[in-house]
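This briefing walks through one protein chain and the ligand modelled with it. It is arranged by topic, so that each part can be followed with the structure open alongside.

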Amino acid sequence: MRRVQVLPDDLANQIAAGEVVERPASVVKELCENAIDAEATRVDVAIEGGGVAACSVADDGHGMSEDDLRLSITRHATSKIASLEDLLAIGTFGFRGEALPSIASVSRFRIASRLRAADAGASVSIDGGGAPSIEPVGMPPGTRVEIRDLFYNVPARRKFLRALATESAHVTEVVDGIALSRPDVTVTLERDGRRVREHLRAASREERVRSILVGWELVRCAGKMGPLEVEAHLSRPEKARMGATGLWVFVNGRPVRDRALSRSVDHAYGSVLEPGRYPVGVVYLDLPNDLVDVNVHPQKSEVRFAEPRAVQDAVHRVLSSALGSVFTSQLGLGAPSPARAASLPFDTGSRGPSHVAEQPEAVFTGSGELDFSGAMQLTSGIPSTAGAIPYPLREDRGAPMLSTTDGQTVPTSIRFIAQVRGMYLLCETDDAIIVLDQHAAAERVTFDRLRTAFHAKAVAMQTLLVPEIVDVRAADIAAVEAAGDVVQAMGMDIRVAGPTRLAIHAVPQLLVRADPRALATSLLGELARSGGRDYSGAIDLSLATMACHGSIRAGERVGPEQARELLERLKEIEFAGHCPHGRPILMRLPFRDLDHRVGRR
Ligand SMILES: Nc1ncnc2c1ncn2[C@@H]1O[C@H](COP(=O)(O)OP(=O)(O)OP(=O)(O)O)[C@@H](O)[C@H]1O
Ligand SMILES: [Mg+2]
């Protein structure tokens, strides 16, 4: 155990600064992480009034001396790093020396601590950043932090808090996250005097995951690639949720949000994951600390990998080989992913389906020259929708025999001839045969119309005769509250109808054929993925996923009238526009080439 010391200015200045305490859940997260860093085997959390009125975290960790205790509430005082080298390979949750002083400055704060070897402890109290008062206390070894009246001196912050039930739900999520991160630690949560979580020390990650994600029939996948170890417990594809919020990702034990990684997980399911559905489960990535930078986000909810593509590739390969073997054999479907071609050896565990892929091939070359063979490429038609639409990966296709419409519009002379295999629309123009993928084309048209309407602030809405009720997580409620205007502008009227319940009152007119619940959950999923901050990136993705739900599907009969309407709409679209990686929605075979092939010319 190192002593607490104040970081020199030049080191302190290299630390990602920003708001540490945003809401009660952030207080609980910081305090639990401190407990884990102090090698606690037990962490007890209690909150009252959503954590705003009161919140305490007690641990049985190594505790602090009175001198360290005094210092611990000083800015940039930490025992966890001392030099720049330490900052480059952080092995603890904490490293900034910011959390305690930040929390103390916005609450009525008390911290008490006792070293294991000491007879008694000491406590320090501060009211909103005033002068601290110190006194000896009798207490068991470990540390206990209590706060009351969060943000009592920062009314602006208080205003941004949500309903107490929502804040409570966020706290619960943090506690579950800590429990998932560290199965070897007992973690409990009391809400307003009621014990709502009791995660007793578990023998493995798997045991902990199964006790938290009860009823999900998870499949265990594990594998190693170079220095990266992947362990995942994922839902079966037919059990996948409609919202993209059920996936936990831990990097070296830290819960992180990483769109690209989540997408790698979605893609690993290949074609067995239905459009608009997202897996539920937990993914643990473990890699040497110097290959991941945790000093990038004030709440530490994002990390930066030294070689992000290699990490995504490894996750995709390990998971797709494991998932592919489970789900293709059980569902009788074809190979879901090109990554399976690697034909990795599997090892079936004793408890439930379990698949281990070993591929010791060096992915991290350290030279910046990464091995992308088998890496996924996102080539979805509309802005790639987080794997929601399992388009084939580009490397699956041979060299395109026929040209696509990239950078063009659909020719005005196009005429519909017939529907083929329930999936393709056979058409002709004056100089070519055109084969359209009916779902991709319809989806593209719907997306384009929705997007135009959205930017013109004119998405026409259709009120539902009877509001649709959808049960969601409290975090989804928070997302709806936070993004209400954006949701409305997308043509959805979604209202909070309970602590974990939403009512959908209206949907975009363009999407009346879609299941309103599917629309709402995919929208929420995309908003949640945006991290609740800047929605601009999430808007296209949300509109795209929604468009997918509301468009003609493969296998649906399309008559001449409907086909003609679709073609008319397609003509209005400039494909070179906003979508750089367009999945081809049509193929064109010029009569000239046809003549040549059959030997006419
Ligand atoms: N529960 C605890 N048990 C033992 N020591 C603690 C505990 N909480 C805090 N400390 C000590 O107080 C110091 C300051 O804690 P604080 O959370 O403010 O900073 P940090 O954990 O070092 O960095 P960060 O701001 O990134 O969390 C820690 O470095 C640690 O030495
Ligand atoms: Mg800390």
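Two strands are said to pair if DSSP finds at least two bridges between them, and by that criterion β9 pairs with strand β10 (residues 194–199) through five bridges, the two strands running antiparallel. The model is a predicted one, and its chain contains 17 helices and 25 strands. Of the 601 residues in the chain, 54% are buried, and the accessible surface amounts to about 25,500 Å², with carbon and sulfur atoms contributing 51% of that area. Among the contacts in the chain with a separation of 6 or more, 72% are between residues 24 or more positions apart.

**Ligand 1 and its surroundings**

- The shell around ligand 1 comprises 24 residues, of which T78, S79, K80, E98 and K300 come nearest.
- Sorted by class, this shell consists of nine nonpolar, nine polar and six charged residues.
- Three elements, namely α2 (24–37), β4 (77–78) and α5 (99–105), each supply at least two residues of the shell around ligand 1.
- Two oxygen distances may be checked in the structure: a polar side-chain atom of T78 lies 2.5 Å from an oxygen atom of ligand 1, and an N or O atom in the side chain of K300 is 2.6 Å from an oxygen atom of ligand 1.
- On the nitrogen side, an N or O atom in the side chain of D59 is 2.8 Å from a nitrogen atom of ligand 1.
- On its own, ligand 1 has 590 Å² of accessible area, and the protein covers 98% of this.

**Strand β9 and its two partners**

- Strand β9 (residues 186–191) also runs parallel to strand β2 (residues 42–48), to which six bridges join it.
- Within this parallel pair, V45 has L189 in β9 as its bridge partner, while towards β10 the bridge partner of E190 is R195.
- β9 and β10 form a hairpin with two residues between them, and in the turn D192 has a positive phi of about 45 degrees.
- T188, which is found in strand β9, has a relative accessible area of 1% and therefore counts as buried, the cut-off being under 20%.
- The side chain of T188 makes a polar contact of 2.5 Å with the side chain of D44.
- Leaving aside neighbours within four places in sequence, the contacts of T188 include V43, D44 and V45 as well as R195, R197 and E198.

**Strand β13 and its two partners**

- Strand β13 (residues 247–251) is largely enclosed by the rest of the structure, because five of its five residues are buried.
- L247, V249 and V251 point one way from β13, whereas W248 and F250 point the other way, and all of them are buried.
- Five bridges connect β13 to strand β15 (residues 281–286) in a parallel arrangement, and V249 has V283 in β15 as its bridge partner.
- With strand β14 (residues 254–255), β13 pairs in the antiparallel sense over two bridges, and V251 stands opposite R254 in β14.
- β13 and β14 form a hairpin with two residues between them, and N252 in the turn has a positive phi of about 50 degrees.

**Helix α9**

- Helix α9 (residues 259–268) is mostly covered, with eight of its ten residues buried.
- Its buried residues include charged side chains as well as nonpolar ones, among them R263, D266, L261 and V265.
- D258 caps the N-terminal end of α9, where a side-chain oxygen lies 3.1 Å from the backbone nitrogen of A260.
- After α9 comes G270, whose phi is positive, near 60 degrees.

**A441 in helix α11**

- A441 is placed in helix α11 (residues 438–455), and its relative accessible area of 0% means that A441 is buried.
- Not counting residues up to four places away in sequence, A441 touches L436, L566, L570 and I585.
- A441 and R553 are 112 residues apart along the chain, yet their C-alpha atoms are separated by 9.9 Å.

Definitions and conventions:
Residues are numbered from 1 along each chain as its sequence is written. Chains are lettered from A and ligands numbered from 1 in the order in which they are written. This is a predicted model: local features need pLDDT of at least 70, side-chain atom pairs count only at pLDDT 80 or more; totals for chains, interfaces and linings use all residues. Side-chain values use heavy atoms; hydrogens and water are left out. Helices (H or I, at least four residues) and strands (E, at least two) are DSSP runs, numbered from the N terminus. Buried means under 20% relative accessible area, exposed over 50%, partly exposed in between (1.4 Å probe, protein chains only). Contact means heavy atoms within 4.5 Å. A polar contact is a pair of N or O atoms within 3.5 Å; within protein, one must be able to donate a hydrogen and the other to accept it, and residues adjacent in sequence count only if both atoms are side-chain atoms. A residue is near a molecule or strand if one of its heavy atoms lies within 4 Å of it. Accessible areas come from the Shrake-Rupley method with a 1.4 Å probe; for residues, only the protein chains shown count as cover.
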